[in-house]
Amino acid sequence: KLIFITFKIAHIIYKSNIYASITKEQVEEELLKLDSNSCLLGRWMSISGVKTVLEKYGLVRKLREYHDKVHLLGKEILEKVKSEGVTKDNKDWYYENLVELENVAKLLFNEFIILVEKVSKNSDDLEILLEESKKVSLK
């Protein structure tokens with residue numbers, strides 16, 4: 001369960017950095033480069049043994065969909081901060097997109113709960129995920 005808490009915290013920090021970028025009207029290049037393949041969860045999901053277990057439980061599609069959406073929305077918001085800043089003309093756009101980002105993140109986090117519930121019933125699959133998780137760096 002700890003790895004899923006780590007994934008959740010990483011994405012809460014990601015969202016927090018997006019909010020900070022809006023507030024400061026400044027975007028860190030590293031944050032802009034972070035996508036659904038290069039973040040911790042994306043790297044973990046790309047490991048062969050992890051993919052196999054996720055596919056077994058039919059969880060890949062939703063995890064990918066929500067995870068990709070979190071990062072696509074994040075990038076879109078950050079690009080707008082970088083190109084336009086925050087003005088009276090675009091403040092509603094930011095609000096609407098941040099609400100959508102939060103809603104999609106909740107869906108992603110819920111998938112973590114479903115995954116834990118399903119996999120925890122099978123010690124072999126749980127062991128695979130634990131072993132495979134050692135292959136991904138927390139950086």
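In this predicted model, confidence dips to its lowest in H7, at a mean pLDDT of 87, and peaks in helix H5 (residues 60-84), at 97. Across the protein the average pLDDT is 93, and 98% of the residues score at least 70. Here's a quick tour of the core, helix H1, the salt bridges and a few spots to click on.

**The nonpolar core**

- The largest nonpolar core has 40 residues, and the members that touch the most others are Phe-4 and Trp-44.
- At least two residues of this core come from each of helix H1 (2-24), helix H2 (29-33), helix H3 (40-45), helix H4 (48-56), H5 and helix H6 (91-119).
- The top contributor is H6, which puts in eleven residues.
- As general background, nonpolar side chains in soluble globular proteins tend to be buried together.
- Setting aside neighbours within four places in sequence, Phe-4 has contacts with Trp-44, Phe-112, Leu-115, Val-116 and Leu-129.

**Helix H1**

- H1 runs for 23 residues and covers 32 Å from its first C-alpha to its last, close to the 33 Å expected at 1.5 Å a residue.
- Its buried residues are Ile-3, Phe-4, Phe-7, His-11, Tyr-14, Lys-15, Ile-18, Ser-21 and Ile-22.
- Those buried residues have plenty of partners, packing against H2, H3, H5, H6 and H7.
- Lys-15 is worth a second look: its relative accessible area is just 7%, so Lys-15 is buried.

**The end of H7**

- Ser-133 sits in helix H7 (residues 123-133), the helix where confidence is lowest, at a mean of 87.
- With a relative accessibility of 11%, under the 20% cut-off, Ser-133 counts as buried.
- Its side chain makes a polar contact with the side chain of Trp-44, at 2.9 Å.
- Leaving out residues up to four places away in sequence, Ser-133 touches Ile-3 and Trp-44.
- Trp-44 therefore turns up twice in this briefing: Trp-44 is one of the two residues touching the most other members of the largest nonpolar core, and Trp-44 is also the polar partner of Ser-133, a residue that counts as buried because its relative accessibility is 11%.

**Salt bridges**

- The structure holds ten salt bridges, and three of them are picked out here.
- Glu-102 pairs with Lys-15 in a salt bridge, with the closest N and O atoms 2.7 Å apart.
- Glu-102 belongs to helix H6 and Lys-15 to helix H1, so this pair ties together parts that are 87 residues apart in sequence.
- On the accessibility side, Glu-102 counts as partly exposed at 22%, while Lys-15 is buried at 7%.
- Lys-82 and Glu-29 also meet through their side chains in a salt bridge, at 2.7 Å from N to O.
- Lys-82 is in helix H5 and Glu-29 in helix H2, so their bridge joins parts that are 53 residues apart in sequence.
- Lys-82 counts as partly exposed at 47% relative accessibility, and Glu-29 is partly exposed too, at 40%.
- Glu-84 and Lys-80 form a salt bridge through their side chains, at 3.3 Å from N to O.
- This one stays inside a single helix: Glu-84 and Lys-80 both lie in H5, four residues apart, or about one turn of the helix.
- Glu-84 comes out as partly exposed at 44% relative accessibility, whereas Lys-80 counts as buried at 17%.

**The loop between H1 and H2**

- Glu-25 is found in the loop between H1 and H2, where Glu-28 lies as well.
- Just after H1, Glu-25 takes a positive phi of about 55°, although Glu-25 is not a glycine.
- For context, most residues other than glycine have a negative phi.
- Glu-25 counts as partly exposed, with a relative accessibility of 43%.
- Glu-28 counts as exposed, because its relative accessibility of 51% is over the 50% cut-off.
- The C-alpha atoms of Glu-28 and Lys-82 are separated by 9.5 Å, although the two residues are 54 residues apart along the chain.
- Lys-82 is the H5 residue whose salt bridge with Glu-29 in H2 ties together parts that are 53 residues apart in sequence.

Conventions
Residues are numbered from 1 along each chain as its sequence is written. This is a predicted model: local features need pLDDT of at least 70, side-chain atom pairs count only at pLDDT 80 or more; totals for chains, interfaces and linings use all residues. Side-chain values use heavy atoms; hydrogens and water are left out. Buried means under 20% relative accessible area, exposed over 50%, partly exposed in between (1.4 Å probe, protein chains only). A polar contact is a pair of N or O atoms within 3.5 Å; within protein, one must be able to donate a hydrogen and the other to accept it, and residues adjacent in sequence count only if both atoms are side-chain atoms. Contact means heavy atoms within 4.5 Å. pLDDT is the predictor's confidence in each residue, from 0 to 100. A nonpolar core is a set of buried Ala, Val, Leu, Ile, Met, Phe, Trp, Tyr and Cys residues joined through side-chain atoms within 4.5 Å. A salt bridge is a side-chain nitrogen of Lys or Arg within 4 Å of a carboxyl oxygen of Asp or Glu. The expected span of a helix is 1.5 Å times one less than its number of residues.
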